[in-house]
Amino acid sequence: MLLQPYGVEVQTASLAQQALKIFVQWQPDVLVSDIALPNEHGYTLIQQVRTKAGERGEVVLAIAVTGYANEKMLQRALCAGFDLWFTKPLNFDEFLAVLACLVVCQESSYLIAQRILGNVPRHGDFSLEKQL
């Protein structure tokens, strides 16, 4: 729970199906998932998350985390639907900076769409203090 002191709302799961259930009920702005999950791996989880988010007309950013760092796994994670990749052990300062940048980019995209298209439905509050 390293992110909570920064005001980030965090929910955790140890199994892919548990994470999917939380995702459906909570609708986070960013999903962070280990690739190596018990019973199912993160590749399956992200495909299910992308399907659920698409059904709701939403976009969720997804970050893969793994202890294995090779080009083949990176490509597999990106092709499966993850947006970013971090290798363990995490450099927490870098990770936090990337999360903050994602929030700014997501908020900027919303504001640009709002200006161009007018009334654009908004998914939650994208401030880092609120939730990721």
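Biologist: In this predicted model, over how many bridges do S2 and strand S3 pair, and in what sense?

Modeller: Strand S3 covers residues 84-87. One of its residues, Trp-85, is the bridge partner of Ala-64. S2 and S3 pair in the parallel sense, and the count of bridges is 4.

Biologist: And what about S1 and S2, how many bridges join them?

Modeller: Take Leu-31 as a way in: its bridge partner in S2 is Ala-62. These two strands also run parallel. The number of bridges that join S1 to S2 is 5.

Biologist: Which helix does the chain go through when it crosses from S1 to S2, and what is the handedness?

Modeller: The path leaves S1, goes through helix H2, residues 42-55, and arrives at S2. That makes a β-α-β crossover, and its hand is right-handed.

Biologist: Which helix sits in the β-α-β unit with S2 and S3?

Modeller: This unit is right-handed as well, going by its S2 and S3 ends. The helix between the two names covers residues 71-80, and that is H3.

Biologist: Okay, zoom out: what order do the elements follow from the N terminus on?

Modeller: The chain has 4 helices and 3 strands to place. Reading from the N terminus, they run α-β-α-β-α-β-α.

Biologist: Back to S2: are its residues buried or exposed?

Modeller: S2 spans residues 61-66. Leu-61, Ile-63 and Val-65 point one way, while Ala-62, Ala-64 and Thr-66 point the other way. Both sets are covered, and 6 of the 6 residues in S2 are buried.

Biologist: How much of the chain is made up of buried residues?

Modeller: Buried here is under 20% relative accessible area. The chain has 132 residues, and the buried share is 36%.

Biologist: Now the pocket you'd want for docking grids: what volume does the largest one have, and which elements give two or more residues to its lining?

Modeller: The volume of the largest pocket is about 750 Å³. Of the 31 lining residues, the closest to its centre are Val-10, Gln-11, Thr-12, Val-32 and Ser-33. The elements that give two or more residues to the lining are helix H1 (16-26), strand S1 (30-34) and helix H4 (92-117).

Biologist: By class, how many nonpolar residues are in that lining?

Modeller: Start with the other classes: the lining of the largest pocket has 3 charged and 4 polar residues. The nonpolar count is 24.

Biologist: Last one: what share of contacts between residues at least 6 apart in sequence join residues at least 24 apart?

Modeller: A contact here needs heavy atoms within 4.5 Å. Among those between residues at least 6 apart in sequence, the share that join residues at least 24 apart is 59%.

Terms used. Residues are numbered from 1 along each chain as its sequence is written. This is a predicted model: local features need pLDDT of at least 70, side-chain atom pairs count only at pLDDT 80 or more; totals for chains, interfaces and linings use all residues. Side-chain values use heavy atoms; hydrogens and water are left out. On a 1 Å grid over the protein atoms alone, a cavity is a set of points where a 1.4 Å probe fits but cannot get out, and a pocket is an open set with protein on both sides within 12 Å along at least five of seven lines; lining residues have an atom within 4 Å of a point. Grid points are joined across faces, edges and corners, and a volume is the space filled by probe spheres set on the points. Ala, Val, Leu, Ile, Met, Phe, Trp, Tyr, Cys and Pro count as nonpolar, Asp, Glu, Lys and Arg as charged, and the others, Gly among them, as polar. Buried means under 20% relative accessible area, exposed over 50%, partly exposed in between (1.4 Å probe, protein chains only). Two strands pair if DSSP finds at least two bridges between them. A crossover is right-handed if, with the strands pointing away from the viewer, the path from the first strand over the helix to the second runs clockwise.
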